[in-house]
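Hi everyone, thanks for letting me take this slot. Let me put the chain up on the screen, and then I'll walk you through it.

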Amino acid sequence: MRRFACLTLLCAALSAAIPALSHGVPPATPARSVLVKGAVERSLTLDVAALRARDPAQIVSLRLPAKNGGAVSDVRGVRLRALLDEAKIVVRDHNTVKKLAIIAGATDGYQVVFSWNELFNAKAGDNVLVLFERDGHPLAAGEGPLALIAGDDLRTGPRHVKWLQSIEVRQIVD
């Protein structure tokens, strides 16, 4: 029963946190870096150069399936989980992680949400990437210098954050 109550609270909080905004028109001034902030020991500001300069073991390549008859796409980036580990999520006790949401935001206000368990306790977290390259080239202007994608989602579009500007760790229940 307690799990059901927590799940209900989580769904309510997430519904309130995600605006229903369009996400198709590039912003006038796209973010050049992403800020990792919130319930972390140290905030990080990372641009494409900082992500590319990482240890090669941290850079992940992922082949995304074709959508709507389009071509298969090869992307490169860094796991969101690795960036959160570097920022060091604040964990007061062993139950804290059950109450955390990670919110990725774009310059146009679009936001997507992940739970701590999705990223750190499930295989899906392996392919949640902060992207800086597609098909061997920097991301196109329509996607921004940085983007985020949940590569294992059945439909990657809803959690594809173009023009990524922030990643916030937030405790959503007490």
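I'll start with how far to trust the model, then go from the whole chain down to single residues.

So, ground rules. This is a predicted model, where local features need pLDDT of at least 70 and side-chain atom pairs count only at pLDDT 80 or more, while totals for chains, interfaces and linings use all residues. Residues are numbered from 1 along each chain as its sequence is written, and side-chain values use heavy atoms, with hydrogens and water left out.

If pLDDT is new to you, it's the predictor's confidence in each residue, from 0 to 100. The average for this chain is 86, and 81% of the residues score at least 70. Now look at residues 3-22: pLDDT stays under 50 there. The model has 15 contacts beyond four places in sequence for that stretch, a contact being heavy atoms within 4.5 Å. Where pLDDT is low, the predicted coordinates should not be read in detail.

Okay, the overall layout. We have four helices and 10 strands. Those are DSSP runs, numbered from the N terminus: H or I over at least four residues for a helix, E over at least two for a strand. Going along the sequence, you read α-β-β-α-β-β-α-β-β-α-β-β-β-β.

How much of the chain is buried? Of the 174 residues, 39% are. Buried means under 20% relative accessible area, exposed means over 50%, and partly exposed is in between, using a 1.4 Å probe and protein chains only. Among contacts with a separation of 6 or more, 63% are between residues 24 or more positions apart.

Let's zoom in on α3, which covers residues 80-87. Six of its eight residues are buried, so this helix is largely enclosed by the rest of the structure. The buried ones are Leu80, Arg81, Ala82, Leu83, Leu84 and Ala87. Right after α3 comes Lys88, with a positive phi near 60°.

Keep going and you reach Thr96, in the loop between α3 and β5. Is Thr96 buried or exposed? Buried, because its relative accessibility is 4%. A polar atom of its side chain lies 3.3 Å from the backbone nitrogen of Arg92. Beyond its neighbours within four places in sequence, Thr96 touches Val90, Val91 and Gln171.

Next, charged pairs. A salt bridge here is a side-chain nitrogen of Lys or Arg within 4 Å of a carboxyl oxygen of Asp or Glu, and by that rule we get 11 of them.

One of them joins Arg52 and Glu133, at 3.0 Å from N to O. This pair ties together distant parts of the chain: Arg52 is in helix α2 and Glu133 is in strand β7, 81 residues apart. Arg52 is partly exposed at 34% relative accessible area, whereas Glu133 is buried at 10%.

Another joins Asp74 and Arg63, at 2.8 Å. Here the link runs between strand β4, which holds Asp74, and strand β3, which holds Arg63, with their positions 11 residues apart in the numbering. Asp74 is partly exposed at 32%, and Arg63 is exposed at 57%.

Then there's Asp153 with Arg159, also given as 2.8 Å from N to O. Arg159 is buried, with a relative accessible area of 16%. And salt bridges that share partners join Arg42, Arg54 and Glu86 into one network.

Just along from Arg159 is His160, in the loop between β9 and β10. His160 is buried at 9%. Its side chain makes a polar contact of 2.6 Å with that of Glu143. A polar contact is a pair of N or O atoms within 3.5 Å; within protein, one must be able to donate a hydrogen and the other to accept it, and residues adjacent in sequence count only if both atoms are side-chain atoms.

Last stop: rings. The structure has one aromatic pair. The ring centres of Trp116 and Phe120 are 5.3 Å apart and the planes sit at 15°, so the pair is stacked. For the cut-offs, rings of Phe, Tyr and Trp (its six-membered ring) pair if their centres lie within 6.5 Å, and planes under 30 degrees apart count as stacked, over 60 as edge-to-face and the rest as tilted. Both residues lie in helix α4, four residues apart, about one turn of the helix. Phe120 is partly exposed, at 23%.

That's my tour, thanks for listening!
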